[in-house]
Amino acid sequence: MALRSARPAGSGKVARDAVHHPLFARFYARMSVNAETRMGMGGVRDRLLSGLSGRVIEIGAGNGLNFAHYPSAVSEVVAIEPERLLRKLAVESALRAGVPVDVVPGAAEALPVKSEAFDAVVLSLVLCSVRDVPRALGEIRRVLRPGGVVRFFEHGRGGGPAMHVTQRALDRTVWPLVSGGCHLSREPVAALRAAGFELGPYRRVMMPERGPVLPSSYCVLGTAWRPAEERPV
Ligand SMILES: C[S@@+](CC[C@H](N)C(=O)[O-])C[C@H]1O[C@@H](n2cnc3c(N)ncnc32)[C@H](O)[C@@H]1O
């Protein structure tokens with residue numbers, strides 16, 4: 001269903017990447033693997049993906065750490081990743097996955113796939129980084145079939161007033177620059193609702209679950225749906 005298939009970085013002619021954060025990509029590739037065990041991210045990924053089936057599109061798949069956690073009822077994953085190094089690592093992860101995964105260049109704001117082609121969309125730690133959240137969620141709604149599910153694990157605004165001020169100050173200064181375009185004070189649940197999704201169960205999760213509370217610790221893990229009966233957004 002994807003318009004383009006994955007190619008390892010450096011092979012053939014590839015259009016300019018929609019996202020280019022080579023230093024962050026290197027850092028994330030290393031840090032995220034440690035977080036699987038040391039911060040309990042592996043368990044979160046299991047909960048995020050449990051019970052999924054059919055055709056799934058994952059947005060901003062990074063180095064592909066979700067791939068090993070997809071249940072066998074998933075028939076195919078199309079994994080969109082705009083950053084070249086992370087995409088190359090995702091292609092390697094895809095080769096080890098228990099379900100078929102097609103890694104595809106692209107950005108959430110213009111998904112290179114047909115409308116209503118997927119049973120589920122997976123968002124993990126990506127809405128913080130996309131350039132245009134409403135546009136990305138509009139695209140996600142387009143590619144999901146009516147009644148299809150969104151599984152999300154996202155971080156955002158949290159804590160008390162002092163933490164909110166800190167998150168906003170970091171967002172306006174250094175944070176997006178040093179962390180690949182990430183923002184700390186976005187509100188993923190409100191954004192999903194505003195984009196016309198029905199919110200299912202979701203719960204707040206601190207990451208890391210124990211230990212220091214960081215401006216990036218306030219996470220939410222949950223489910224939303226594209227309504228089976230469409231209403232104008
Ligand atoms: C913090 S990483 C999370 C990676 C992965 N989802 C995970 O759970 O480990 C954020 C990811 O979002 C990707 N990203 C940034 N901007 C994007 C956009 N506009 N569309 C799609 N993905 C984007 C980055 O390249 C990166 O892979």
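E92 and K88 both sit in helix 3 (residues 84-96), 4 residues apart, or about one turn of the helix. A salt bridge joins E92 to K88, with the closest N and O atoms 3.7 Å apart. The model is predicted, and the structure holds 7 salt bridges. The points below cover three of these pairs, the nonpolar cores, the aromatic rings, a surface patch and two single residues.

**Salt bridges**

- Side chains of opposite charge can pair when their charged atoms come close.
- In the helix 3 pair, E92 has a relative accessibility of 34% and therefore counts as partly exposed.
- Its partner K88 is at 33% relative accessibility, so K88 also counts as partly exposed.
- R226 and E116 form another salt bridge, whose closest N and O atoms are 3.1 Å apart.
- This pair links distant parts of the chain, since R226 is in the segment after strand 7 while E116 is in the loop between strand 3 and strand 4, 110 residues apart.
- R226 has a relative accessible area of 6%, under the 20% cut-off, and is therefore buried.
- E116 has a relative accessibility of 43% and counts as partly exposed.
- Within helix 4, R142 forms a salt bridge with E139, and the closest N and O atoms of that pair are 2.8 Å apart.
- R142 and E139 are 3 residues apart in helix 4, so about one helical turn separates them.
- R142 counts as partly exposed at 26% relative accessibility, whereas E139 counts as buried at 14%.

**Nonpolar cores**

- In soluble globular proteins, nonpolar side chains tend to be buried together.
- The largest nonpolar core has 30 residues, and those touching the most other members are I57, V121, L123, L137, I140, V150 and F197.
- At least two residues of this core come from each of strand 1 (54-59), strand 2 (74-80), strand 4 (118-124), helix 4 (133-143), strand 5 (144-155), helix 7 (188-194) and strand 7 (218-225).
- Helix 4 gives the most to this core, with 5 residues.
- Leaving out residues up to four places away in sequence, L137 touches L123, L127, A191, L192, A195 and F197.
- A second core, separate from the largest one, has 28 residues, including A35, F67, A90 and L221.

**A buried residue in strand 7**

- T223 lies in strand 7.
- With a relative accessible area of 13%, T223 falls under the 20% limit and is therefore buried.
- Not counting residues up to four places away in sequence, T223 touches V149, V150, R151, F152, L199, G200 and P201.
- One of these contacts, V150, is also among the residues that touch the most other members of the largest core.

**Aromatic rings**

- A pair of aromatic rings is described by the distance of the centres and the angle of the planes.
- A search of the whole structure finds 2 aromatic pairs.
- One of them joins F24 and F27, with 6.4 Å from centre to centre and 45 degrees between the planes.
- The F24 and F27 pair counts as tilted because its plane angle is neither under 30 degrees nor over 60.
- F24 and F27 are 3 residues apart in helix 1 (residues 22-38), so they are separated by about one helical turn.
- F27 has a relative accessible area of 48% and is partly exposed.
- Ring pairs link F24, F27 and Y28 into a cluster.

**Surface patch**

- V174, L177 and V178 make a nonpolar surface patch of about 310 Å².
- V174 is in the loop between helix 5 (161-172) and helix 6 (175-178).
- V174 counts as partly exposed, at 43% relative accessibility.

**D102 and R131**

- D102 is placed in strand 3 (residues 101-104).
- The relative accessible area of D102 is 25%, so D102 is partly exposed.
- D102 and R131 are 29 residues apart in sequence, and their C-alpha atoms are 24 Å apart in space.

Note on methods:
Residues numbered from 1 in each chain as written. Predicted model: local features only at pLDDT ≥ 70, side-chain atom pairs only at ≥ 80, totals over all residues. Heavy atoms only, no water. Patch = residues over 30% accessible without salt bridge, like charges linked within 9 Å, V, L, I, M, F, W, Y side chains within 5 Å. Areas by Shrake-Rupley, 256 points an atom, 1.4 Å probe, with all protein chains shown as cover. Salt bridge = Lys/Arg side-chain N within 4 Å of Asp/Glu carboxyl O. Buried < 20%, exposed > 50% of the residue type's maximum accessible area, 1.4 Å probe, protein only. Core = buried A, V, L, I, M, F, W, Y, C linked by side-chain atoms within 4.5 Å. Contact = heavy atoms within 4.5 Å. Phe/Tyr/Trp six-rings, centres within 6.5 Å; stacked < 30°, edge-to-face > 60°.
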